[in-house]
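I opened the notebook to look up charged side chains, one ring pair and a surface patch, and I kept my notes in the order in which I checked them.

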Amino acid sequence: MNVQHEVELLIEEIKRLGSPDADGKVSVTFGILFSDDRCANIFEALVGTLRAAKRKKVVTYEGELLLQGVHDNVPIQLLKDSV
């Protein structure tokens, strides 16, 4: 799959699973995103897609690498509605 398409899919999934935070930006925790069945079927490498989206400044989150269990409560904030 091409990276831009996967980032677009990620944006849609964050909108579906997330909720607006205090700044009005949509955010979702890594654990919710990672454990969602639909996301598991869409993304072969969710962490890689998140890193690509972060490099494109589409999302922001603390740290570089997110791991299941350890980083389940890390919020992922959507910065843009498209790539």
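I began with Asp36 and asked whether this residue is buried or exposed. In this predicted model, Asp36 has a relative accessibility of 16%, and I entered it as buried because the cut-off for that class is under 20%.

Next I looked up the partner of Asp36, and I found that its side chain meets that of Arg16 in a salt bridge, at 2.5 Å from N to O. I noted that this pair links distant parts of the chain, since Arg16 belongs to helix α1 while Asp36 sits in the loop between α2 and α3, 20 residues apart. Arg16 itself is partly exposed, at 36% relative accessibility.

I then followed Arg16 to Glu13, with which it forms another salt bridge, the closest N and O atoms being 2.6 Å apart. The two are 3 residues apart in helix α1 (residues 3-17), so I wrote them down as separated by about one helical turn.

Which residue besides Arg16 forms a salt bridge with Glu13? I found Arg38, with the closest N and O atoms 3.1 Å apart. Arg38 lies in helix α3 (residues 37-42) and Glu13 in helix α1, so this pair ties together parts that are 25 residues apart in sequence. Glu13 is buried at 2% relative accessibility, whereas Arg38 is partly exposed at 46%. I recorded Glu13, Arg16, Asp36 and Arg38 as a network of salt bridges, and the structure as a whole holds 4 salt bridges.

My next entry concerns aromatic rings, for which the count came to 1 pair. Phe30 and Phe34 form this pair, which is tilted, with 5.5 Å centre to centre and 45° between the planes. They are 4 residues apart in helix α2 (residues 30-35), and therefore about one helical turn separates them. I noted that Phe30 is buried at 0% relative accessibility, while Phe34 is partly exposed at 32%.

Last, I turned to the surface, where Arg51, Arg55, Lys56, Lys57 and Lys80 form a positive patch. Lys56 is in the loop between α4 (46-55) and β3 (59-60), and Lys57 is placed in the loop between α4 and β3. I entered Lys56 as partly exposed, with a relative accessible area of 35%, and Lys57 as exposed, with 58%. I also marked the backbone of Lys57, which has a positive phi of about 60° although the residue is not a glycine.

Conventions. Residues are numbered from 1 along each chain as its sequence is written. This is a predicted model: local features need pLDDT of at least 70, side-chain atom pairs count only at pLDDT 80 or more; totals for chains, interfaces and linings use all residues. Side-chain values use heavy atoms; hydrogens and water are left out. Patches are made of residues with over 30% relative accessible area and no salt bridge: like charges are joined within 9 Å, nonpolar side chains (Val, Leu, Ile, Met, Phe, Trp, Tyr) within 5 Å. Accessible areas come from the Shrake-Rupley method with a 1.4 Å probe; for residues, only the protein chains shown count as cover. Lys and Arg count as positive and Asp and Glu as negative; His and the chain ends are not counted. The place of a charge is taken as NZ of Lys, CZ of Arg, CG of Asp or CD of Glu. Buried means under 20% relative accessible area, exposed over 50%, partly exposed in between (1.4 Å probe, protein chains only). Rings of Phe, Tyr and Trp (its six-membered ring) pair if their centres lie within 6.5 Å; planes under 30 degrees apart count as stacked, over 60 as edge-to-face and the rest as tilted.
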